[in-house]
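Here's a quick briefing on the model you have open. Have a look at the structure first, then run through the notes below.

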Amino acid sequence: MEPKAIPMRRYLNLAAHYYDEDDLDEADPIDCNVVVNHKPELSDEEKEELREKARKKVMREERQRLHSKKRKSTKKEQEDEQPNLFSS
């Protein structure tokens, strides 16, 4: 389903109405998509900053993953050390 275009007269009437009214209620949120037909140009500084953020994010995620594995293995070792009444 293609979106319908708003006629220019209707658009201008809505704009004029906005400035004429003293007390406007908040409108419901609009569900829409924005399409950009060009790639943003980043400076070398911005590229380096984004690389550094990505590197830090990967490092943080890996640390969390390694720490969670370490905790799981210590729990398993503790379970092995507990005496079992049913084993011989």
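Arg-65 and Glu-62 pair up in a salt bridge, with their closest N and O atoms 2.6 Å apart. This is a predicted model, so keep that in mind as you read. The two residues are three apart in helix 2, which puts about one helical turn between them. A search of the whole structure turns up four salt bridges, and three of them are covered here, including this one.

**Around Arg-65**
- Arg-65 is partly exposed, at 36% relative accessibility.
- Its partner Glu-62 is also partly exposed, with a relative accessible area of 34%.
- Arg-65 has a backbone contact to look at too: its backbone oxygen lies 2.8 Å from a polar atom of the Ser-68 side chain.
- Ser-68 sits in helix 2 as well.
- At 30% relative accessibility, Ser-68 is another partly exposed residue.

**Other salt bridges in helix 2**
- Glu-52 and Arg-55 meet through their side chains in a salt bridge, at 2.6 Å from N to O.
- What separates Glu-52 from Arg-55 along helix 2? They are three residues apart, so about one helical turn lies between them.
- Glu-52 comes out as partly exposed, at 29% relative accessibility.
- Arg-55 is partly exposed too, with a relative accessible area of 46%.
- The side chains of Arg-51 and Glu-48 form a salt bridge as well, this one at 3.7 Å from N to O.
- Both Arg-51 and Glu-48 belong to helix 2, which covers residues 44-81, and they are three residues apart, about one turn of the helix.
- Is Arg-51 buried or exposed? Arg-51 counts as exposed because its relative accessibility is 53%, and the cut-off for exposed is over 50%.
- Glu-48, at 44% relative accessibility, counts as partly exposed.

**Surface patches**
- Met-8, Tyr-11 and Leu-12 make a nonpolar surface patch of about 360 Å².
- Leu-12 from that patch is placed in helix 1, which covers residues 8-20.
- With a relative accessible area of 49%, Leu-12 is partly exposed.
- There's a negative surface patch too, formed by Asp-20, Glu-21, Asp-22, Asp-23, Asp-25 and Glu-26.
- Where does Asp-23 sit? Asp-23 is in the loop between helix 1 and helix 2.
- Asp-23 is exposed, with a relative accessible area of 63%.

**The chain overall**
- The secondary structure of the protein chain amounts to two helices and zero strands.
- How much of the chain is made up of buried residues? The share is 0% of the 88 residues.
- The protein chain exposes about 10,200 Å², and carbon and sulfur atoms supply 52% of that area.

Methods: Residues are numbered from 1 along each chain as its sequence is written. This is a predicted model: local features need pLDDT of at least 70, side-chain atom pairs count only at pLDDT 80 or more; totals for chains, interfaces and linings use all residues. Side-chain values use heavy atoms; hydrogens and water are left out. Helices (H or I, at least four residues) and strands (E, at least two) are DSSP runs, numbered from the N terminus. Buried means under 20% relative accessible area, exposed over 50%, partly exposed in between (1.4 Å probe, protein chains only). Accessible areas come from the Shrake-Rupley method with a 1.4 Å probe; for residues, only the protein chains shown count as cover. Patches are made of residues with over 30% relative accessible area and no salt bridge: like charges are joined within 9 Å, nonpolar side chains (Val, Leu, Ile, Met, Phe, Trp, Tyr) within 5 Å. Lys and Arg count as positive and Asp and Glu as negative; His and the chain ends are not counted. The place of a charge is taken as NZ of Lys, CZ of Arg, CG of Asp or CD of Glu. A polar contact is a pair of N or O atoms within 3.5 Å; within protein, one must be able to donate a hydrogen and the other to accept it, and residues adjacent in sequence count only if both atoms are side-chain atoms.
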